[in-house]
Amino acid sequence: MVLKAEGIILRKYELRETSYILVVFTKEFGKIKGVMKGISKPYPQFAGNFEPFAKSQVLFYRKNKSSLDLITRCEALDFFLPIRKSIERLTYANYFIELIDIVTADYDANEALYQVLVESLDMLAGTHSAKRVGRIFELKFLGALGLSPQLDVCARCGSEVKEASLFSVNQGGLLCRGCAGNGNREIEISLGSVKFMRKIQSSSIEKTVHVKVSREVGVQTEKVLRNFLHYHINRPVKSLKFLAGLEKSGIV
Ligand SMILES: [Zn+2]
């Protein structure tokens, strides 16, 4: 039986002259891996359909567990062209799909996670700051995986936190002053950063992208989220390393 899905291309490999292996994170089935055969070169009319983070419609036959699916059709619905014209936006899009690829298993659908990815790519293709879209993606991504940081009360004792505080990576959220310093991995966090992160957690991506924050809040939120994600993912993220290189050399 042929199956139909909408998905974002995570990776592609050239298999032979005329075949590709495509890894696609689909809305309906989660991550699928399949072979697409019979692509004759030159293929300018097909090439864009298989590019990483293109949103595509895929027709495929599901094979047994040990072999790749057979993809019979893969047609781009959105190529996100504006993202591909900016090295910073392109790197963020690659970062999003790299994180998705790391945390997803084959045939384990997560429609909320799929929506976070698609909406973040839509925003990244607009004129909003790429860094801002990055922070929103990180928090929404954690939320869709059930790993949202605790930002309302102390993650250790549950008491209310009303002032500038500490964020504990291994406790999974804010710490009150009383709970600080017990061997937790702690990062200073201002009330402004906490409010910004809460706003992202409770609002739609479209709304949060317009909220104005200071540079300090942006920098602090990035540090907190990077550390928190690193703690959960626990492996190097190639696109982040590349992004750090771009930032260091002043390109972005
Ligand atoms: Zn506490």
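**Helix H9 and the zinc site**

The buried residues of helix H9 make their contacts with two other helices, H3 (87-103) and H8 (215-233). In this predicted model, H9 spans residues 238-248, and its buried residues are Ser-239, Leu-240, Leu-243 and Leu-246. These residues lie on the same side of H9, because the arc they cover around the axis is only 115°. Such a pattern is familiar from helical geometry: with 3.6 residues a turn in an α-helix, residues three or four places apart point the same way. The face turned away from the buried side of H9 carries exposed lysines, namely Lys-238, Lys-241 and Lys-248. Just after the helix, Gly-250 takes a positive phi of about 75°.

Attention now turns to the metal site. The zinc ion is coordinated by the SG atoms of Cys-154, Cys-157, Cys-176 and Cys-179, at 2.3 to 2.4 Å. Along the chain, these donors follow the spacing C-x2-C-x18-C-x2-C. Cys-157 sits in the loop between helix H5 (130-144) and strand E6 (165-168), while Cys-176 sits in the loop between strand E7 (173-175) and strand E8 (186-189), so this pair ties together parts that are 19 residues apart in sequence. The arrangement of the four donor atoms is tetrahedral, because the angles they subtend around the zinc ion are 104 to 117°. For comparison, the ideal angle for four tetrahedral donors is 109.5 degrees.

The two cysteines of this pair can also be described by their accessibility. Cys-157 counts as partly exposed, because its relative accessibility is 45%. Cys-176, with a relative accessibility of 14%, counts as buried, the cut-off for that class being under 20%.

Technical notes:
Residues numbered from 1 in each chain as written. Predicted model: local features only at pLDDT ≥ 70, side-chain atom pairs only at ≥ 80, totals over all residues. Heavy atoms only, no water. Buried < 20%, exposed > 50% of the residue type's maximum accessible area, 1.4 Å probe, protein only. Helix = DSSP H or I, 4+ residues; strand = E, 2+ residues; numbered from the N terminus. Arc of directions from axis to C-beta. Contact = heavy atoms within 4.5 Å. Donors = N, O, S within 2.8 Å, 3.2 Å for Na, K, Ca; no water. Tetrahedral: all angles 85-135°; square planar, octahedral: opposite > 155°, others 65-115°.
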